[in-house]
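Visitor: Hi! I'm new to this one and would love a quick tour. Can we look at it together?
Guide: Happy to, let me bring it up.

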Amino acid sequence: MIFIVYWSALHLLFHFKMKKIKGTLTTVEAPQRVKIDTTFRQNKLTYSNYWFLIHIAIILAIGIISILNYKALPNVIPMKYDFQGNVTSSVPKTYLSVLAINLVQLGIIALMMLVNWSIKTSKQQLTTSNPAKFAAENIQFRRKWSLFTIITGLLLTILFAFIQINMFVPNLVLLTAISLIIPVLIVLGAVLLSLTGRQGGGKIRNHQEDRERSKEQPVNDDDYWKFGFIYFNANDPSFTVEKRYGIGWTINFARPLSWVLLLFIIAIVVISIVLSQ
């Protein structure tokens, strides 16, 4: 919570500071010109969602194994452990409690598939120069994050599978190791992708390149970015767009479907919490 408050305050401070600076700059009344690669959508922008069939197959297999071994389970099932191996949370044995992890997994995979789809369908960014190079970098950017999404989904599926198998074949040492290694791998992967490329796929510029780069300005869409980070454009049919800064994508809050997605994500979180109790 402290981090979120600090981030929000820092962002708003510089957002209004930049708006004030931009208000003092001279403007040119000539219309903007941009260059766009009309073949952009013909490229393979992401990896197919069919790769998630591997994740679903693992989930179904573990679910079937759980049902077949249902009678062998104790009447009370441990759900959480502390670092000393002591049980901190348990639930009575029911089919719902045994398969709760599978339901959470399916919700996570559905969310990952939605993320992968949004990477593919997100709004194409425009540029004032060199559209071919810009488009090629953007395609690589999308494909890298699509692959990361698929791998992350697989790692989380494996993590939850080990947690569920631990009900039948307890091995706290192995479970603890897997529970630590997989989150670390996911975080390191995200950090690596973020540090090796900026938003949109271009290389991270150094100070010398900043001085030498073209003075051409990007498309001015300030009016559509509320507080600098909330995209709201009723005239834009796009459902997702690249974030204005940082790494990743955000939704067009002017589209009704975006609110449905937001409620869907909240529902997954709430259901996961309820099923884990």
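Visitor: Let me start right at M1: does M1 count as buried or exposed?
Guide: M1 counts as exposed, because its relative accessibility is 76% and anything over 50% falls in that class. One thing to keep in mind is that this is a predicted model.

Visitor: And where does M1 sit in the chain?
Guide: M1 lies in the segment before α1, the helix that covers residues 2-23.

Visitor: Which nonpolar surface patch is M1 part of?
Guide: M1 joins F3, I4, W7, L12, F16, F227, F229 and Y245 in a nonpolar surface patch of about 960 Å².

Visitor: Let's zoom out. How many helices and strands are there?
Guide: The protein chain has 7 helices and 6 strands. Following the sequence, their order is α-α-β-β-α-α-α-α-β-β-β-β-α.

Visitor: What share of the residues is buried?
Guide: Of the 277 residues in the protein chain, 32% count as buried. The accessible surface of the chain is about 18000 Å², and carbon and sulfur atoms hold 69% of that surface.

Visitor: What about contacts between residues far apart in sequence?
Guide: Taking the contacts with a separation of 6 or more, 66% are between residues 24 or more positions apart.

Visitor: Now the inside. Which residues touch the most other members of the largest nonpolar core?
Guide: Those are I77, I108, W145, I182 and I186, in a core of 27 residues. Helices α2 (52-68), α3 (95-121), α4 (131-165) and α5 (172-196) each give at least two residues to this core. The largest share is from α4, with 8 residues.

Visitor: Pick I186. What is I186 in contact with, besides its neighbours within four places in sequence?
Guide: With those neighbours set aside, I186 contacts F148, T152, L155 and L156.

Visitor: I also clicked on V98. Where is V98, and is V98 buried or exposed?
Guide: V98 is in helix α3. V98 counts as buried because its relative accessible area is 1%, and the cut-off for buried is under 20%.

Visitor: Which residues does V98 contact?
Guide: Not counting neighbours within four places in sequence, V98 is in contact with S66, Y70, L73, I77, K93, Q164 and M167. For Y70, the C-alpha atoms of the two residues are 7.9 Å apart in space, while V98 and Y70 are 28 residues apart in sequence.

Visitor: Switching to charges, how many salt bridges does the structure hold?
Guide: The structure holds 1 salt bridge. K123 pairs with D236, and their closest N and O atoms are 3.1 Å apart. The pair connects distant parts of the chain, 113 residues apart: K123 is in the loop between α3 and α4, and D236 is in the loop between β4 (230-231) and β5 (240-242).

Visitor: Why can side chains of opposite charge pair?
Guide: Such side chains can pair when their charged atoms come close.

Visitor: How do K123 and D236 compare for burial?
Guide: K123 is partly exposed, because its relative accessible area is 27%. D236 is buried, because its relative accessible area is 6%.

Visitor: Last stop: where is T46, and what does T46 touch?
Guide: T46 is in the loop between α1 and α2. At 7% relative accessibility, T46 counts as buried. Leaving out residues up to four places away in sequence, T46 touches N116, I119, K120, R142, R143 and S146.

Note on methods:
Residues are numbered from 1 along each chain as its sequence is written. This is a predicted model: local features need pLDDT of at least 70, side-chain atom pairs count only at pLDDT 80 or more; totals for chains, interfaces and linings use all residues. Side-chain values use heavy atoms; hydrogens and water are left out. Helices (H or I, at least four residues) and strands (E, at least two) are DSSP runs, numbered from the N terminus. Buried means under 20% relative accessible area, exposed over 50%, partly exposed in between (1.4 Å probe, protein chains only). Contact means heavy atoms within 4.5 Å. Accessible areas come from the Shrake-Rupley method with a 1.4 Å probe; for residues, only the protein chains shown count as cover. Patches are made of residues with over 30% relative accessible area and no salt bridge: like charges are joined within 9 Å, nonpolar side chains (Val, Leu, Ile, Met, Phe, Trp, Tyr) within 5 Å. A salt bridge is a side-chain nitrogen of Lys or Arg within 4 Å of a carboxyl oxygen of Asp or Glu. A nonpolar core is a set of buried Ala, Val, Leu, Ile, Met, Phe, Trp, Tyr and Cys residues joined through side-chain atoms within 4.5 Å.
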